[in-house]
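Got your viewer open and a cursor ready? Let's walk through this protein one selection at a time.

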Amino acid sequence: MAHHRPDAAPSHVCDVLLVVSELVTNAVRYGTEPGDFVVVALDTDTDRTRVEVHDTRRRRPRRKPESVSRERGRGLFIVEALATWGLGERPMGKFVWAEVEAT
């Protein structure tokens, strides 16, 4: 992002990195089989950064019920706290997108 948005606030960059990390983790864990690829696309301008993570399965992401004892399952809650997100379909799978507003 520094190449395309050298003026991006450090907090915005950190939020985008966290969103990318959560979406890629979900794609690898739930959206792929061994040997599959995950594609990450970023688009940024002065107002927001859009992240798209493409995987090979049509299975839709879903939030797990809240739990204080479970160590995983909070990814979409984190994404929702930092961004607006949604889904798109592709011929061989889906993509999850998120847009982080510039701060």
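## Stop 1: the core

Start by selecting Val-16, Val-19, Val-20, Leu-23, Ala-27, Val-51, Val-53, Val-79, Ala-83, Val-96, Ala-98 and Val-100: these 12 residues make up the largest nonpolar core. A nonpolar core here is a set of buried Ala, Val, Leu, Ile, Met, Phe, Trp, Tyr and Cys residues joined through side-chain atoms within 4.5 Å. Buried means under 20% relative accessible area, exposed means over 50%, and partly exposed is in between (1.4 Å probe, protein chains only).

Now colour helix H1 (10-30), strand E2 (48-55) and strand E4 (93-101), the elements that give two or more residues to this core. Which of them gives the most? H1 does, with five residues. Helices (H or I, at least four residues) and strands (E, at least two) are DSSP runs, numbered from the N terminus.

A quick word on what you are looking at: this is a predicted model, where local features need pLDDT of at least 70 and side-chain atom pairs count only at pLDDT 80 or more, while totals for chains, interfaces and linings use all residues. Residues are numbered from 1 along each chain as its sequence is written, and side-chain values use heavy atoms, with hydrogens and water left out.

## Stop 2: the whole chain

Zoom out and show the cartoon. You should find two helices and four strands, and from the N terminus on they run α-β-β-α-β-β. The protein has 103 residues, and 31% of them count as buried.

Next, switch on the surface. The accessible surface comes to about 6700 Å², with 55% of that belonging to carbon and sulfur atoms; the area comes from the Shrake-Rupley method with a 1.4 Å probe, and for residues, only the protein chains shown count as cover.

How much of the contact set links residues 24 or more positions apart? Among contacts with a separation of 6 or more, such pairs account for 60%. Contact means heavy atoms within 4.5 Å.

## Stop 3: strand E2 and its partners

Select E2. This strand is mostly covered, with seven of its eight residues buried. Now add strand E1 (residues 39-44): six bridges join E1 to E2, and the two run antiparallel. Two strands pair if DSSP finds at least two bridges between them. E1 and E2 form a hairpin, with three residues between them. To see the pairing, click Asp-43, whose bridge partner in E2 is Arg-50, then Thr-44, whose partner in E2 is Thr-49.

Then bring E4 back. E2 and E4 are joined by eight bridges and also run antiparallel. Try Glu-52 here: its bridge partner in E4 is Trp-97.

## Stop 4: Asp-55

Stay in E2 and pick Asp-55. Is Asp-55 buried or exposed? Its relative accessibility is 3%, so it counts as buried.

Show its side chain. A polar contact of 2.8 Å joins it to the side chain of Lys-94. A polar contact is a pair of N or O atoms within 3.5 Å; within protein, one must be able to donate a hydrogen and the other to accept it, and residues adjacent in sequence count only if both atoms are side-chain atoms. Also, a polar atom of the Asp-55 side chain lies 3.1 Å from the backbone nitrogen of Arg-57. Leaving aside neighbours within four places in sequence, the contacts of Asp-55 include Ala-27, Phe-37 and Met-92.

## Stop 5: Phe-95 and Gly-88

Jump to Phe-95 in E4. Phe-95 and Asp-55 are 40 residues apart in sequence, but 6.2 Å apart in space, C-alpha to C-alpha. With 16% relative accessibility, Phe-95 counts as buried. Beyond its neighbours within four places in sequence, Phe-95 is in contact with several residues, including His-54 and Gly-88.

Follow that last contact to Gly-88, found in strand E3. Gly-88 is buried too, with a relative accessible area of 12%.

## Stop 6: helix H2

Finally, select helix H2 (residues 75-82) and highlight Gly-75, Leu-76 and Val-79, its buried residues. Why do they sit on the same side of H2? They cover an arc of only 90° around the axis (taken from the directions from the helix axis to the C-beta atoms), which puts them on the same side of H2. Turn the view to see what they pack against: H1, strand E3 (84-90) and E4.
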